[in-house]
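Have the model open beside you as you read. This report starts from one loop residue and then works outward to the rest of the chain.

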Amino acid sequence: AQLCGVTKILKVGGIQAIAGLTFGTAAIPKVYKIFGPGNQFVTVAKQLATQFGVAIDMPAGPSELLIVADDTAVPAFVASDLLSQAEHGTDSQVILVSTSKDLIDAVETEIQTQLEVRKAIATKAIENSKLIYVENDQIALDLIDEYGPEHFIICAKNEDFYVNNIGNAGSVFIGNYTPESAGDYASGTNHTLPTNGY
């Protein structure tokens, strides 16, 4: 924030923050442009803000994550990454693409186990989600490039193949110990919006 010349930081969020930035309050100044992601309600609030002369970055779609994984992946980690992104909102979508049926089965079991602790939002989001078996890495890469995920995790022996050939992905995480949530909250990894293939 200092490097960018930011002089004021407000601890507010959600649609009420968008309203405050749009109209101004005693504590929140009216702004010219609003940047940043949010859930579907924040997206609608930002779109409404444009009707009152405030510019926005873009209307972001639902949050999404795609993981490509094979037998070298840790099923509990893969399930945890899928669920942590699914919890963003009921319209979130998470996808696992794998060349291993055994891994898909293990991840599906692990998702059910972990869902017990993360019930409400993630359960709804899982209804939008997919576990996709493909025969080889090239088919997987073609599918992933067509999908163009907002977040892309690679947990595969042939990680260089994906790293060197992926064309359409917002942020890329490599290996079992690079969860997407670390990118959101700790490592500072940036990514490209909007989602939904745009």
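N176 sits in the loop that connects β7 (171–174) with α8 (180–185); helices here are DSSP runs of H or I with at least four residues, strands are runs of E with at least two, and both are numbered from the N terminus. This is a predicted model, in which local features need pLDDT of at least 70 and side-chain atom pairs count only at pLDDT 80 or more, while totals for chains, interfaces and linings use all residues. Residues are numbered from 1 along each chain as its sequence is written, and side-chain values use heavy atoms, with hydrogens and water left out.

What does the side chain of N176 reach at 3.1 Å? The backbone oxygen of T72. A polar atom of the N176 side chain also lies 3.1 Å from the backbone nitrogen of V74. Polar contacts are pairs of N or O atoms within 3.5 Å; within protein, one atom must be able to donate a hydrogen and the other to accept it, and residues adjacent in sequence count only if both atoms are side-chain atoms. Leaving aside residues up to four places away in sequence, N176 touches T72, A73, V74, F77 and C155, where a contact means heavy atoms within 4.5 Å.

Just past that loop, S181 belongs to helix α8. Its C-alpha is 7.4 Å from that of D81, although the two are 100 residues apart in sequence. With residues up to four places away not counted, S181 touches S84 and A186.

Now for the interior. The largest nonpolar core has 21 residues, and I67, A69, V78, L82, L96, V107 and I111 have the most contacts inside it. Such a core is a set of buried Ala, Val, Leu, Ile, Met, Phe, Trp, Tyr and Cys residues joined through side-chain atoms within 4.5 Å. At least two residues of this core come from each of β3 (64–69), α3 (75–86), β4 (93–98), α4 (101–115), α5 (119–126) and β6 (151–155). A second, separate core holds 15 residues, including V68, V134, Y162 and I166. Back in the largest core, I111 touches A79, L82, L83 and I126, again not counting residues up to four places away.

Turn next to helix α1 (residues 14–23), whose buried residues are A17, I18, G20, L21 and T22. Their cover includes β1 (33–34) and α2. After α1 comes G24, which has a positive phi near 85°.

K46 is found in helix α2 (residues 40–49). Is K46 buried or exposed? K46 is buried, because its relative accessible area is 4%, and buried means under 20%, exposed over 50% and partly exposed in between (1.4 Å probe, protein chains only). Beyond residues up to four places away in sequence, K46 touches I18, I34, F35, G36, I56, D57 and M58. The C-alpha atoms of K46 and I166 are separated by 31 Å, with their positions 120 residues apart along the chain.

C4 lies in the segment before α1, and its C-alpha is 26 Å from that of T195, 191 residues apart along the chain. The table sets out the accessibility of three residues discussed here.

| Residue | Relative accessible area | Class |
|---|---|---|
| K46 | 4% | buried |
| S181 | 28% | partly exposed |
| C4 | 69% | exposed |

Finally, the whole chain. There are 8 helices and 7 strands, and the C-alpha atoms fill a box of roughly 60 × 35 × 30 Å along the principal axes. Buried residues make up 37% of the 198 residues. Of the contacts between residues at least 6 apart in sequence, 61% join residues at least 24 apart. The chain exposes about 11000 Å², with carbon and sulfur atoms supplying 55% of it; these areas come from the Shrake-Rupley method with a 1.4 Å probe, and for residues only the protein chains shown count as cover.
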